[in-house]
Amino acid sequence: MSSTAAPSSVWRPHVTVACVVADGDRYLMVEEEVGGRLAYNQPAGHLDDRESLLTAAVRETLEETGWTVELQHLIGVHQWRSHEHGEGVVRFSFAARALAHDPQRPLDSGIRRALWLTRAEIAALGDRLRSPLVLMSIDAWLAGQRHPLSLVGSLLDGDPYP
């Protein structure tokens, strides 16, 4: 690419993170308002500038659910085109263990509540799921897909996850 090319000519996907947090046969989910409808998702969100993927996953889970989690594994990296905005998304899905809950913590704007659902209850939500990546991530975890967190490195200063 020429150095004189306009920055807008470079395609940039949305980089997102999500956590599959299991408690027995139940999974931590969020009910959120998206485009005037209620949707269900894992705790998930966008990677911020100068933030590692691992830090983003822990932050998003806390902000959306009030749960502090410890990341255990990378489940997978999935790419798709969002039906909401039509743009490309690259999603890093992690498995995490719930450590502590702060029920008084205000949740992110648009988040109605955090809840625990079984895989069958999640599947029954059908088109109310925020994306097909919700069940894909849970099913990958159930199938034993677990990769070391060291696959997702960071060279950012002060990152607690080197």
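Start by selecting W67 and W116: both are buried. The model you have open is a predicted one, so please read each stop on this tour as a feature of that prediction.

**Stop 1: the W67 and W116 rings**

Keep those two side chains on screen and turn the view until you can see both ring planes. A pair of aromatic rings is described by the distance of the centres and the angle of the planes. The pair is edge-to-face, because the centres of the W67 and W116 rings are 5.6 Å apart and their planes stand at 90°. Now colour the two strands involved: W67 belongs to strand 5 (residues 67-81) and W116 to strand 7 (residues 111-118). The pair links distant parts of the chain, with the two positions 49 residues apart in sequence numbering.

**Stop 2: the other aromatic pair**

The count of aromatic pairs comes to 2. For the next one, select Y27 and W141, which are edge-to-face with 6.0 Å centre to centre and 85° between the planes. This pair also links distant parts of the chain: Y27 sits in strand 2 (residues 26-34), W141 sits in helix 3 (residues 133-142), and they are 114 residues apart. Y27 and W141 are both buried.

**Stop 3: helix 3**

Stay with W141 and show the whole of its helix. Helix 3 is largely enclosed by the rest of the structure, because 7 of its 10 residues are buried. To see them, select L133, V134, L135, S137, I138, A140 and W141. What do the buried residues of helix 3 pack against? Their partners are strand 1, strand 2, strand 3 (37-41), strand 5, strand 6 and helix 2 (119-124). Just after the helix, pick out G144, which has a positive phi, near 90°.

**Stop 4: the largest nonpolar core**

Next, select V17, C19, V21, L71 and F94. These are the residues with the most contacts inside the largest nonpolar core, which has 20 residues. Two or more residues of this core come from each of strand 1 (14-23), helix 1 (53-65), strand 5 and strand 6 (88-101). Which element gives the most? Helix 1 does, with 5 residues.

Zoom in on C19 while you are here. Apart from its neighbours within four places in sequence, C19 is in contact with Q42, P43, A57, T61, L71, F94 and A96.

**Stop 5: a second core**

Finally, select Y27, Y40, L125 and V134. They are among the members of a second, separate core of 16 residues. You have already met Y27 as the ring partner of W141, and V134 as one of the buried residues of helix 3.

Technical notes: Residues numbered from 1 in each chain as written. Predicted model: local features only at pLDDT ≥ 70, side-chain atom pairs only at ≥ 80, totals over all residues. Heavy atoms only, no water. Phe/Tyr/Trp six-rings, centres within 6.5 Å; stacked < 30°, edge-to-face > 60°. Helix = DSSP H or I, 4+ residues; strand = E, 2+ residues; numbered from the N terminus. Buried < 20%, exposed > 50% of the residue type's maximum accessible area, 1.4 Å probe, protein only. Core = buried A, V, L, I, M, F, W, Y, C linked by side-chain atoms within 4.5 Å. Contact = heavy atoms within 4.5 Å.
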